[in-house]
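Here are a few exercises to work through with the viewer open. Try each one yourself before reading the solution.

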Amino acid sequence: DKILDGRKAEDTFRVIAFSNQARAFQPAAVPATGENIEAAKNFVRGLRANGGTNLLSALQLALGETQTESSPPRYLFLMTDALVGNDHSILRYLKDQRFQDARVFPVAFGAAPNDYLMKRAAEIGRGFSLQVTNQDNPVALAEQVNALTNSPYMTDLQIDWGDLTVQDQVPERLPDLYAGKR
């Protein structure tokens, strides 16, 4: 609920559930009106654990729309309570040049997330990952995520290497900076 509550009036959003297959709250992104946010919350509240964790199909549905260069970046909050597999296919998909605008914020609930996938997806998507355990306050964490992502300190960072010949840069794309996030 709190992540949805953090959407600003000028935002649009999508909610996509995934298990064995992906299904969307609405066929396309909708404006972040009070009515749409409440309807999305009801969609989420109606979700039940059912089958697998086919994250790739959800990514394909979420990122399938073509963006123009003038479009604002898309913020993708990946939330799962299960161990997601198929790491290499998911990471390869996120690296696709068509999705350079997408910022990825994986949130894993529980004690057994795929930590490698969560951290690499965040790195590729210039976001940050978060693990929520039973000892955490999920409402406070969601409010913190909203505060950070609604006001990035610096975005689209690049290094001017001048005349230096650089063979590799790690990470390949520099992450955005969020005030208060290390």
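**Exercise 1.** Which residues does L76 touch, not counting residues up to four places away in sequence?

*Solution.* Keep in mind that you're looking at a predicted model. With sequence neighbours up to four places away left out, L76 touches L59, A62, L63, R103, V104 and F105. Next, place L76 in its wider setting: it belongs to the largest nonpolar core, which has 23 residues. L76 is also one of the members that touch the most others, along with L55, L59, L63, I90, L94 and L117.

**Exercise 2.** Work out which elements give two or more residues to this core, and which gives the most.

*Solution.* Start with the list: β2 (16-18), α3, β5 (75-80), α4, β6 (103-109) and α5 (115-124) each give two or more residues. Then pick out the top contributor, which is α3 with six residues. Finally, look beyond this core: another one, of twelve residues, lies apart from it, and F77, F105, L130 and V145 are among its members. As background, nonpolar side chains in soluble globular proteins tend to be buried together.

**Exercise 3.** Describe how α3 and α4 pack: what are the axis distance, the angle and the handedness?

*Solution.* Two packed helices are described by the angle between their axes and the distance between the axes. Take helix α3 (residues 55-63) and helix α4 (residues 87-95): their axes come within 9 Å and cross at roughly 15 degrees. Angles under 35 degrees count as roughly parallel, so α3 is roughly parallel to α4. The crossing is left-handed.

Now for who makes the contact. From α3 it's L55, L56, L59, Q60 and L63, and from α4 it's S89, I90, Y93 and L94. Sort those residues by type and you get seven nonpolar, two polar and no charged.

**Exercise 4.** Is N146 buried or exposed, and which residues does N146 touch, not counting residues up to four places away in sequence?

*Solution.* First find N146, which sits in helix α6 (residues 138-150). Its relative accessible area is 7%, and buried means under 20%, so N146 is buried. Leaving out residues up to four places away in sequence, N146 touches K2, I3, G6 and R7.

Now go round to the other side of that contact. K2 lies in helix α1 (residues 2-5) and is partly exposed, with a relative accessible area of 32%. With the same sequence filter, K2 touches V139, A142, E143 and N146. For a distance check, K2 and L141 are 139 residues apart in sequence, but 9.2 Å apart in space, C-alpha to C-alpha.

Conventions:
Residues numbered from 1 in each chain as written. Predicted model: local features only at pLDDT ≥ 70, side-chain atom pairs only at ≥ 80, totals over all residues. Heavy atoms only, no water. Axes fitted to C-alpha atoms, helices over the stretch in contact; angles between N-to-C directions. Helix = DSSP H or I, 4+ residues; strand = E, 2+ residues; numbered from the N terminus. Parallel < 35°, antiparallel > 145°, perpendicular 65-115°, else oblique. Left-handed = near helix turned anticlockwise from the far one by under 90°. Contact = heavy atoms within 4.5 Å. Nonpolar A, V, L, I, M, F, W, Y, C, P; charged D, E, K, R; others polar. Buried < 20%, exposed > 50% of the residue type's maximum accessible area, 1.4 Å probe, protein only. Core = buried A, V, L, I, M, F, W, Y, C linked by side-chain atoms within 4.5 Å.
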